[in-house]
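Colleague: I would like to learn how to read the places where parts of a protein model meet. Could we go through them one at a time?

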Amino acid sequence: MSVAPLAEPEVLVPASEEEAIAAFGDGTGVTVLGGGTILMPELAAGRLKPEKTILLARAGLDEWRDEGGTTRIGAAVSVGALVDAPEPLASAARHVADYEVRSQGTLGGNLCAGPGRGFPRGDLQAPLIALDAYVRSAGAGGERTEPVERFLSTSPGNRLVVQVEFETRDRLGGWAALERPHAHSYTALSVAATISPSGSDLRVACSGAGPYAVRLRSVEQGGLDGDPGEALRDVHLTDDALASAWYRERMLPVLVGRVLSQLKEAG
Amino acid sequence: MSLIINGAEYELASPPLTSLLNVLREEVGLLSPKAGCQQGGCGTCTVLIDGEPRRACLTPLGAIEGAAITTVEGLGDPRNLSPVQAAFHEHYAAQCGFCTPGMMMAATGLLARRPDATRDDVLEALAGHFCRCTGYVKIVDAVLSAAAGRVDTTRPEPEAEPGEPSVVIPGSPA
């Protein structure tokens, strides 16, 4: 009996954005490795055996540009670098894990991060929704640019995030979260919000109340003096390894209230 | 694939998705980066990649072609310790020693980017490094001592007492 050799998994290291997009194709069977903070443990444990992997480290997706009133941040910019981003993105980035993990984790990876084994991830998703950010991604059907909120609702794991962009506007930002059990826990619940200096265009979102972050439109409609408890209309809370639905139901209005207070005081 | 490890160039045969931790320990034979949790959570595999502290267990070889890697073995030697090594020695900042390599590399990275590090800076820099023995007090004191330059890096290596075996453990910080 002859034994066929096991095929070596394909690993590509694209040297440009164009090469990365071409290598990703329609995304079928492709694993994208940005900083490695999520995927490397899966590889080490043998839970992930990718046939084709793209390493983004050399793809030139780590540029950050402010031009023409728009902030454009490449998918491979580290979470650590985002501590210099506009609020509330900066506060959320500052609270992710520790210095080294922040320096390795990337914006694109955090944006695509679906729920882990029993808990939601993606601490930066809510701040990006609050900033009215758009995602430029590639995959089946070609490139497209869409609001973060829509991107998160349409299988973000099947897309290659290229860049995130938002208007560089003079907005006030607020952020509040439950304290993490230890440095490397994901945030069980966090709320991010922005508002214009004139007090209009309130945008509020939360991470940790579902697989991906969600926008809290009911809170936005009530304005800064509205009832924080309205947030519960926009979420479907479940139990997971980080917190129970019962706990989140009681804490979400508290966090919303804190963020609205931050915005009122800042204004 | 090639890396410059503690100043020497290595041609490596490990596949590109191999973690830097496994490359260092299993192919190169450097044992100071410890295989702890292997999911980025404990900090003991931390090394310097191009001068910046990074988790070796989270870093695939293929992403760092040509990078300069520094491990504890590249910091100093028993007769000429680095400031951080000397401070850990003076403050008895190691007990079982398992977390010590990661603590030292994180501290070395901190002092490189912030030589006048404050206590808060040290706490922030070591926040992801877990020690289950010392309780952190001596470790934080050691890093602050190194930041203040209050260390003697040139002490002679302690000689074994009569009858005491002279044991040198590769990768040992002391």
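Modeller: Let us begin with a definition: a salt bridge is a side-chain nitrogen of Lys or Arg within 4 Å of a carboxyl oxygen of Asp or Glu. Please keep in mind throughout that this is a predicted model.

Colleague: How many salt bridges does that rule give between domain 1 of chain B and domain 2 of chain B?

Modeller: The count between these two domains of chain B is 0 salt bridges, although 4 residue pairs, both at pLDDT 80 or more, are in polar contact between them. On the side of domain 1 of chain B that touches domain 2 of chain B, β3 (46–49) and β4 of chain B are the elements that give two or more residues, and the residues of that side divide into 6 nonpolar, 8 polar and 3 charged.

Colleague: Where do the two domains lie in chain B, and how many residues of each are in contact?

Modeller: Domain 1 of chain B covers residues 2–74 and domain 2 covers 83–147, bounds that come from an automatic or database domain assignment. Their C-alpha centres lie 20 Å apart, and 17 residues of domain 1 are in contact with 14 residues of domain 2. The area buried between the two domains of chain B is about 1100 Å², with carbon and sulfur atoms giving 64% of it.

Colleague: Turning to the contact between the chains, how much area do chain B and chain A bury between them?

Modeller: Buried area is summed over both parts, and for chain B and chain A it comes to about 2000 Å², 60% of it on carbon and sulfur atoms. Within chain B, the residues that lose the most area to chain A are L17(B), R54(B) and L58(B), which together account for 31% of what that side buries. The contact takes 29 residues from chain B and 25 residues from chain A.

Colleague: How many salt bridges are counted between chain B and chain A?

Modeller: Here the count is 3 salt bridges, including the one that R55(B) forms with D98(A), in which the closest N and O atoms are 2.4 Å apart. Polar contacts across the same interface number 9 residue pairs, both residues being at pLDDT 80 or more.

Colleague: Which elements of chain B supply at least two residues each to the side that touches chain A?

Modeller: They are β4 (52–55), α3 (100–113) and α4 (119–125) of chain B, and β4(B) gives the most, with 4 residues. By class, this side of chain B has 12 nonpolar, 11 polar and 6 charged residues.

Definitions and conventions
Residues are numbered from 1 along each chain as its sequence is written. Chains are lettered from A and ligands numbered from 1 in the order in which they are written. This is a predicted model: local features need pLDDT of at least 70, side-chain atom pairs count only at pLDDT 80 or more; totals for chains, interfaces and linings use all residues. Side-chain values use heavy atoms; hydrogens and water are left out. Contact means heavy atoms within 4.5 Å. Buried area is the accessible area (1.4 Å probe) that two parts lose on being put together, summed over both. A polar contact is a pair of N or O atoms within 3.5 Å; within protein, one must be able to donate a hydrogen and the other to accept it, and residues adjacent in sequence count only if both atoms are side-chain atoms. Ala, Val, Leu, Ile, Met, Phe, Trp, Tyr, Cys and Pro count as nonpolar, Asp, Glu, Lys and Arg as charged, and the others, Gly among them, as polar.
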